Amino acid sequence: MTTTATAESQPFQAEVAELLHLMVHSVYSETDIFLRELISNASDACDKLRYEAIARPELIADGAPPEIRIVPDKKANTLAVVDSGIGMDRHELIDNLGTIARSGTKSFLSKLSEAKDGANLIGQFGVGFYAAFMVAEKIVVTSRRAGSDEVWVWSSEGGSGFEIAPASEEAAARVTRGTEIVLHLKTDAAKYLEQYQIERVVHEYSDHIQFPILLVPEEGEPRQINSASALWQRPKSELKVEDYNHAYQQIAGAFDEPAMTLHYRAEGRQSYAVLLFAPSTKPFDLFQVERKGKVKLYVRRVFIADDAEILPAYLRFIRGVIDSEDLPLNISREMLQNNPQLAQIRKAVTGRVISEFETLAEKEPATFAKIWTAFGPVIKEGLWEDHERREKLLALSRFTTTAGEDRSLKQYVDDLKPNQTEIYYLVGDTIERLRSNPKLESARARGIEVLLLTDPVDAFWTAAPIDFGGKPLKSLSQGDVDFGLIPLLDDTAEDGKTETEADAATTIAVIKDALGERVSDVRASQRLTSSASCLVAGGDARDRALERLLAQQNRGAVTKPILEINLRHPLVAAVATDTAQAKDLSFLLFEQAQILDGEMPEDPAAFASRLNGLVLRGVAKG
């Protein structure tokens, strides 16, 4: 392909160059992905044309319908994917094909270099165009933006850069609107010039693309090789599991199978079709700051937006399509958020998704467990944000507790101990650290189940006044805890009591004097049976875990903790009887409590020196 002007050479963005290196050196065991991705991009271009044509009908004044053509040429050893969509101008060609202007690129490259088969990653990260370099030694892209007289040619051999130049008269005459991608195939990719191979790939991955995909043979008439029907508009009775799996993979750009499929049509005041999927694996961008959803909005089969926030942020992992019959076609993206019709759809669909989760949890617990394992930390964001559905979300939530894994709150309440009136929990960094936390000791002695919460969001939603089944949630790190009315598992243990117990008033006074402003109070503990001390928050203060999380983000002042001491512990008893070491022992009680909570002592060197001194004194006495 020649051009009428000298081609301008430009280097690839560093991330693109690294990506191409991985592509060219056969990251994948499955190369069919390249055609799926090029067809998907062509479909997006046709969608964008239909959307822009709502406001600018002249863009499709020629009457040519949006379509995708696949043109194999054995003589030239080329495969072309041509669309009559929106097209690209010079700047868009450079921006879209020379750079990856999205967050997560570094993460993608890292995961791709580690993956044995990166096919699933390509769809997740939206960089599918570059997959063509797995089968092509050279790619030439000719594109005309709809409504423009200019036609540009982008070409690259997958090295360090690309060339861009105005198109020749011949190329400009050939591409009247949209984009033509010509792949000069590698020797080992010649199979993709065979018609049956092309049909196989299209049938497997792209059959439900809404636009006609035409196979243009070297001899004979072009023929459509996909069904070109919106699957979500078809009756469920016509569809098989394989149809839904292929639709999910196409819509979500993924290669796993959906853990849940929700397909229905709403009739009445609002008429719309819904096809939603819960993935079985986590998308790479699940915890990005924007927390944007990926449900596509259509109006009468016309694509409107892929980020219309149809579902709340805590359901952002859901993929799929909602196609409305009632929304105006000319609705702008800015108007979407305030549209009352869309608000009604949003409320109804959110309720239906949660209802589907409830059905799965009851009838297919293994399937729901798969969803919860992947997306539980995201769903729990709704416990903080969605007051209206909090009770339902609490019932769906599954927890690791001191009694086992995947426990529901219903199971917890059913197993309450005699006289137990609260649901107890601890928030921390890891399950292992929580299991060894001294604040569990008194609860463990009575067989009281405790929720062990380790997701960052747990520190937030538990800060709200929440109850389940009339039983409030209570932190073992906050406020007073009194298990006196709950019987011990072993009555002879007497809750770990010994014959001697330190004098409370004297001991507390000595420790308070030694620690000064480092603590807000010192008091005898009802939580401890064998450990010497622990740190807790006051009843009106934030939980200790939330305090630490906010402190890391410099959000809000940190309140002084309360030091609780076990008066039956020998170390605590020594504080009142050994005046020479009372201060060092007081600091040791405070600092070891900090360490058990996952915090560093304020002065690690002083802590080590104090500890060494106390050990040496003990050794000398021995």
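Modeller: Two strands pair if DSSP finds at least two bridges between them; strands (E, at least two residues) and helices (H or I, at least four) are DSSP runs numbered from the N terminus. This is a predicted model, in which local features need pLDDT of at least 70, side-chain atom pairs count only at pLDDT 80 or more, and totals for chains, interfaces and linings use all residues. Residues are numbered from 1 along each chain as its sequence is written, and side-chain values use heavy atoms, leaving out hydrogens and water.

Colleague: In what order do the strands of the five-strand open sheet stand?

Modeller: The pairing in this sheet is mixed. At its edges are β10 (260-266) and β13, each of which pairs on one side only. The twist averages 20° from one strand to the next (axes fitted to C-alpha atoms, for helices over the stretch in contact; angles from 0 to 180 degrees between N-to-C directions). The order is β10-β11-β14-β12-β13.

Colleague: Which residue of β14 is the bridge partner of Tyr298?

Modeller: Strand β12 (residues 294-299) and β14 run parallel and are joined by six bridges. In β14, Tyr298 is partnered by Asp323.

Colleague: What angle does helix α10 make with β10?

Modeller: Helix α2 (residues 33-55) packs on the sheet through contacts (heavy atoms within 4.5 Å) with β12 and β13, and its direction makes about 80° with that of β13. Helix α10 (residues 340-363) also packs on the sheet, touching β10, β11 (272-278), β12 and β14. Its direction and that of β10 make an angle of about 135°.

Colleague: Which strands stand at the edges of the nine-strand sheet?

Modeller: This open sheet has mixed pairing and the order β1-β6-β5-β4-β7-β3-β2-β8-β9. Each edge strand has a single partner, so one side of it is left without a neighbour in the sheet. The edge strands are β1 (8-11) and β9 (223-224).

Colleague: Which residue of β7 stands opposite Val81?

Modeller: Strand β3 (residues 78-83) and strand β7 (residues 178-185) run antiparallel, joined by six bridges. Opposite Val81 in β7 stands Ile181.

Colleague: How does helix α7 run with respect to β8, and at what angle?

Modeller: Helix α7 (residues 195-205) lies across β2 (68-73), β3, β8 (213-215) and β9. With β8 it makes an angle of about 170°.

Colleague: Why is the pair of Phe129 and Trp154 edge-to-face?

Modeller: The structure holds twelve aromatic pairs (Phe, Tyr or six-membered Trp rings with centres within 6.5 Å; planes under 30 degrees apart are stacked, over 60 edge-to-face, the rest tilted). The centres of Phe129 and Trp154 are 5.7 Å apart, and the pair is edge-to-face because the planes stand at 75°.

Colleague: How many residues apart in sequence are the parts that this pair ties together?

Modeller: Trp154 is buried at 0% relative accessible area (buried is under 20%, exposed over 50%, partly exposed in between; 1.4 Å probe, protein chains only), and Phe129 is buried at 7%. Phe129 lies in the loop between α5 (119-125) and β4 (136-144) and Trp154 in strand β5 (residues 151-156), so the residues separating these parts number 25.

Colleague: Which residues form the aromatic cluster?

Modeller: Phe317 and Phe375 form a stacked pair, 4.2 Å centre to centre with 5° between the planes. Phe317 lies in the loop between β13 (302-305) and β14 (319-324), and Phe375 in helix α11 (residues 365-379). Both are buried. The cluster is formed by Phe317, Phe357, Phe368, Trp372 and Phe375.

Colleague: Over which residues does pLDDT stay under 50, with 44 contacts beyond four places in sequence?

Modeller: The chain averages a pLDDT (the predictor's confidence in each residue, from 0 to 100) of 86, and 88% of the residues score at least 70. Where pLDDT is low, the predicted coordinates should not be read in detail. The stretch with 44 such contacts is residues 116-126.
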